[in-house]
Amino acid sequence: MNLSERIRQLRQQKGLSQENMADELGLSTSAYGDIERGRTEPPLSRLEAIAQLLEVPLPTLLGLETTSLSETEWLRRDNEALRVENAWLHQEIGQWKSKFHEWVRLELARRAERERERIGF
C-alpha cells in the first residue's frame with residue numbers, strides 16, 4: 001500500500017471526509033484530494049500535520065512498520081554483542097600470549113646456547 005492509499009484508509013477509519021481534512025490542513029479540497037490520489041507529494045511538514053490529524057505516528061503513516069524495541073531490549077542486545085566480542089578478544093589475546101611466551105622461551109634458549117658456545121661448553 002502506498003502513502004496516498006494509507007492516508008485515505010486512515011482518514012476513512014477516522015470517519016473524516018476529504019473536506020474535513022482539507023479544512024484542518026488549510027488546503028483546498030482539490031489540493032487535499034491530489035494528495036490522496038498520489039498526484040502531489042506533500043512535504044514532511046504536511047505529512048506530520050496529516051499524521052497528527054489522523055492520530056498516528058509519522059512512521060506508521062509513511063508505512064515504516066515499527067517493531068520498536070524498548071531501550072532495555074536494545075541495551076540487552078548491545079550487551080550480548082559486546083560479550084561475544086569480548087570473549088573473542090580474550091581468546092585472541094590468549095593466543096598472542098602463548099605465541100609471545102613461546103618466542104621468549106626460544107630466544108632465551110638461543111642466548112643460552114650462544115653463551116655456552118662462547119664459554120666453550
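**Group meeting: a two-domain helical chain**

Let me start with contacts. Taking the contacts in the protein chain with a separation of 6 or more, 50% of them join residues 24 or more positions apart. Please keep in mind that this is a predicted model.

Now the overall layout. The protein chain has six helices and zero strands, so the order from the N terminus on reads α-α-α-α-α-α. The radius of gyration is 34 Å, well over the 14 Å that the globule rule gives for 121 residues, and therefore the chain is more spread out than a compact globule. Along the principal axes, the C-alpha atoms fill a box of roughly 105 × 25 × 20 Å.

The domain assignment splits the protein chain in two: domain 1 covers 3-62 and domain 2 covers 67-120. Between the C-alpha centres of domain 1 and domain 2 there are 59 Å.

Next, the surface. How much of the protein chain is buried? Buried residues come to 18% of the 121. The exposed area of the chain is about 9,400 Å², and carbon and sulfur atoms supply 53% of that. On charge, there are 18 positive and 21 negative side chains. The centres of those two sets lie 9 Å apart.

I have picked four residues to look at, and I will begin with R6. It sits in helix α1, residues 3-14. Is R6 buried or exposed? At a relative accessible area of 13%, R6 is buried, because the cut-off for that label is under 20%. Which residues does R6 touch, once its neighbours within four places in sequence are left aside? The contacts are M1, T60, L61, L62 and G63.

The second residue is E41. You will find E41 in the loop between α3, which is 29-36, and α4, which is 44-54. E41 is exposed, with a relative accessible area of 75%. How far is E41 from L3 in space? C-alpha to C-alpha, the two are 9.2 Å apart, with their positions 38 residues apart in sequence.

Third, E55. This residue belongs to the loop between α4 and α5, the latter being 58-61. E55 has a relative accessible area of 63%, and is therefore classed as exposed, the threshold being over 50%. What is unusual to note in the backbone is the sign of phi: E55 has a positive phi of about 60°, although it is not a glycine.

Last, R105, which takes us to helix α6, residues 71-119. Its relative accessibility is 46%, so R105 counts as partly exposed. For a sense of distance, take R105 together with P57. These two are 48 residues apart along the chain, and their C-alpha atoms are separated by 66 Å.

To recap the residues: R6 in helix α1 is buried, E41 and E55 are exposed loop residues, and R105 in helix α6 is partly exposed. For the chain as a whole, the picture is six helices in two assigned domains, with C-alpha centres 59 Å apart. That is what I have for today.

Technical notes: Residues are numbered from 1 along each chain as its sequence is written. This is a predicted model: local features need pLDDT of at least 70, side-chain atom pairs count only at pLDDT 80 or more; totals for chains, interfaces and linings use all residues. Side-chain values use heavy atoms; hydrogens and water are left out. Domain bounds come from an automatic or database domain assignment. Helices (H or I, at least four residues) and strands (E, at least two) are DSSP runs, numbered from the N terminus. The radius of gyration is taken over C-alpha atoms; the globule rule is 2.2 Å times the number of residues to the power 0.38. Buried means under 20% relative accessible area, exposed over 50%, partly exposed in between (1.4 Å probe, protein chains only). Contact means heavy atoms within 4.5 Å. Accessible areas come from the Shrake-Rupley method with a 1.4 Å probe; for residues, only the protein chains shown count as cover. Lys and Arg count as positive and Asp and Glu as negative; His and the chain ends are not counted. The place of a charge is taken as NZ of Lys, CZ of Arg, CG of Asp or CD of Glu.
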